[in-house]
Amino acid sequence: MLDYATLKLIWWGIVAILLIGFALMDGFDMGVAMLLPMVGRSDEERRVAINAIGPTWEGNQVWLVLGGGAVFAAWPLVYAAGFSVFYGALILALCALFLRPVGFDYRSKLPNPAWRRFWDRGLFIGGLVPALVFGIAIGNLFVGVPFRFDSSMRVSYAGGLLEQLNPFGLYCGVVSAVLLALHGGTFLLLRTDGAVFARSRKAVMVLGLALAVLFLLGGQWVAQLDGLHLVSSGDIASALDPLSKTVLRKAGAWLDNYGRWPWLVLVPVLGLAGALLCVVAAWRSWRWPAFLASASAVVGVLLTAGLSLFPFVLPSSLDPASSLTAWDAVSSHKTLGIMLVLVIVLLPIVLLYTGWVYRVMRGTVTVEQIRRDSHTAY
């Protein structure tokens with residue numbers, strides 16, 4: 001079995017992969033839902049957009065379950081403290097996500113235009129609200145989460161949803177919504193033609209530029225924030241008491257890793273380049289290059305956040321020493337080893353099955369198809 005320190009690092013990477021996988025797979029579903037009022041002017045055009053994601057959206061949500069399960073199993077302290085602090089935000093996101101299955105299933109049950117507009121709004125909310133909430137949560141990690149552990153490792157926290165709607169958190173929520181809307185727009189470029197394709201193309205060009213500007217300004221903002229610096233963490237090869245480490249708060253600390261490992265600057269460059277390449281690819285009507293560029297932007301933006309915070313996973317604003325890191329928030333050595341074997345066996349199966357589904361469902365969705373298959377389409 002691998003040593004404990006290596007397993008801790010590997011599981012930081014696995015959790016990052018699963019969360020990025022959720023953003024890549026379910027992210028374009030949310031993005032399409034957010035763009036629904038803009039790319040679909042008629043009922044048939046909106047049905048084209050919905051049917052582009054209709055056969056696969058439910059399977060894509062598996063990545064959210066995998067990510068949440070991985071956090072629960074690998075980082076139990078993060079799960080306990082984080083879900084307590086963000087309880088209100090998570091309930092809000094889940095309530096919005098509930099609108100998606102009923103929206104997909106019930107929208108086309110009746111031909112009444114008012115009925116269909118109602119569910120279109122539900123799908124829009126089900127895409128926008130979770131995207132905002134997830135971005136706000138990431139933004140609050142940089143500001144600091146109001147929790148602390150006492151000497152018995154009992155967690156206490158302060159504040160709630162309103163306190164989490166701070167300026168930087170809201171800014172990151174906007175970045176998240178723009179990022180996923182961009183990803184959804186490039187997916188529509190892959191799967192649609194005609195008027196929906198043309199409007200998606202314009203949306204991608206605008207959103208790509210917006211993301212590039214927001215990402216650059218966000219980096220400048222992070223440089224001004226007070227961050228945390230891990231002075232000592234004890235023996236990272238053993239199970240640690242999270243309160244035994246020494247943590248300092250200082251301005252600009254979230255950029256320390258880029259000074260320590262200069263090659264990490266390639267990650268934010270990937271996010272910025274992906275956003276700008278989306279604009280070029282959409283302008284040239286390149287379908288696959290646009291989608292791959294938006295996927296690169298998603299990976300670059302999220303990895304930039306994770307690597308900037310590393311090794312912190314859940315920073316505390318009340319007590320820096322209570323902050324949880326990749327070294328002291330993890331499960332036991334044996335648990336991490338067993339779960340790694342399960343991931344090695346099961347994750348390729350998930351990827352193969354997902355690839356097979358998308359191969360079967362490939363091709364564009366057109367208005368003519370919707371008219372022809374009106375009884376089976378969404």
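Colleague: Is Arg116 buried or exposed, and what is its relative accessible area?
Modeller: In this predicted model, a residue counts as buried when its relative accessible area is under 20%. Arg116 meets that condition and is therefore buried, with a relative accessible area of 12%.

Colleague: Which residue meets the side chain of Arg116 in a salt bridge with an N to O distance of 2.8 Å?
Modeller: Arg116 belongs to helix α7, which covers residues 113-143, while its partner belongs to helix α2, which covers residues 43-53, so the pair ties together parts that are 73 residues apart in sequence. The partner has a relative accessible area of 23% and is partly exposed. The residue that meets Arg116 in this salt bridge is Asp43.

Colleague: Which residue forms a salt bridge with Asp120, and how is it placed?
Modeller: The side chains of the two residues come to 2.5 Å, N to O. Asp120 lies in helix α7 and its partner in the loop between α6 and α7, so the pair ties together parts that are 13 residues apart in sequence. Asp120 is buried at 7% relative accessibility, and the partner, at 1%, counts as buried as well. The partner is Arg107.

Colleague: Which residues are linked in a network of salt bridges?
Modeller: The pair of Asp43 and Arg116 and the pair of Asp120 and Arg107 both have their residues in this network. The network also includes Arg46. Its members are Asp43, Arg46, Arg107, Arg116 and Asp120.

Colleague: How many residues apart are Lys245 and Asp328, which form a salt bridge?
Modeller: The closest N and O atoms of Lys245 and Asp328 are 2.8 Å apart. Lys245 counts as buried at 6% relative accessibility, and Asp328 counts as buried at 6%. Lys245 sits in the loop between β3 and β4, and Asp328 in the loop between β6 and α14, so that this pair links distant parts of the chain, 83 residues apart.

Colleague: Which residue has its backbone oxygen 2.8 Å from a polar atom of the Thr186 side chain?
Modeller: Thr186 lies in helix α9, residues 167-191, and at 0% relative accessibility it counts as buried. Leaving aside neighbours within four places in sequence, Thr186 is in contact with Val204, Cys278, Ala290, Phe291 and Ser294. The backbone oxygen in question belongs to His183.

Colleague: What is the area of the nonpolar surface patch that includes Ile338?
Modeller: Ile338 lies in helix α14, residues 333-360, and counts as partly exposed at 44% relative accessibility. Together with Val341, Leu342, Ile344, Val345, Leu346 and Ile349, Ile338 makes a nonpolar surface patch of about 660 Å².

Technical notes: Residues are numbered from 1 along each chain as its sequence is written. This is a predicted model: local features need pLDDT of at least 70, side-chain atom pairs count only at pLDDT 80 or more; totals for chains, interfaces and linings use all residues. Side-chain values use heavy atoms; hydrogens and water are left out. Helices (H or I, at least four residues) and strands (E, at least two) are DSSP runs, numbered from the N terminus. Buried means under 20% relative accessible area, exposed over 50%, partly exposed in between (1.4 Å probe, protein chains only). A polar contact is a pair of N or O atoms within 3.5 Å; within protein, one must be able to donate a hydrogen and the other to accept it, and residues adjacent in sequence count only if both atoms are side-chain atoms. Contact means heavy atoms within 4.5 Å. Patches are made of residues with over 30% relative accessible area and no salt bridge: like charges are joined within 9 Å, nonpolar side chains (Val, Leu, Ile, Met, Phe, Trp, Tyr) within 5 Å. Accessible areas come from the Shrake-Rupley method with a 1.4 Å probe; for residues, only the protein chains shown count as cover. A salt bridge is a side-chain nitrogen of Lys or Arg within 4 Å of a carboxyl oxygen of Asp or Glu.
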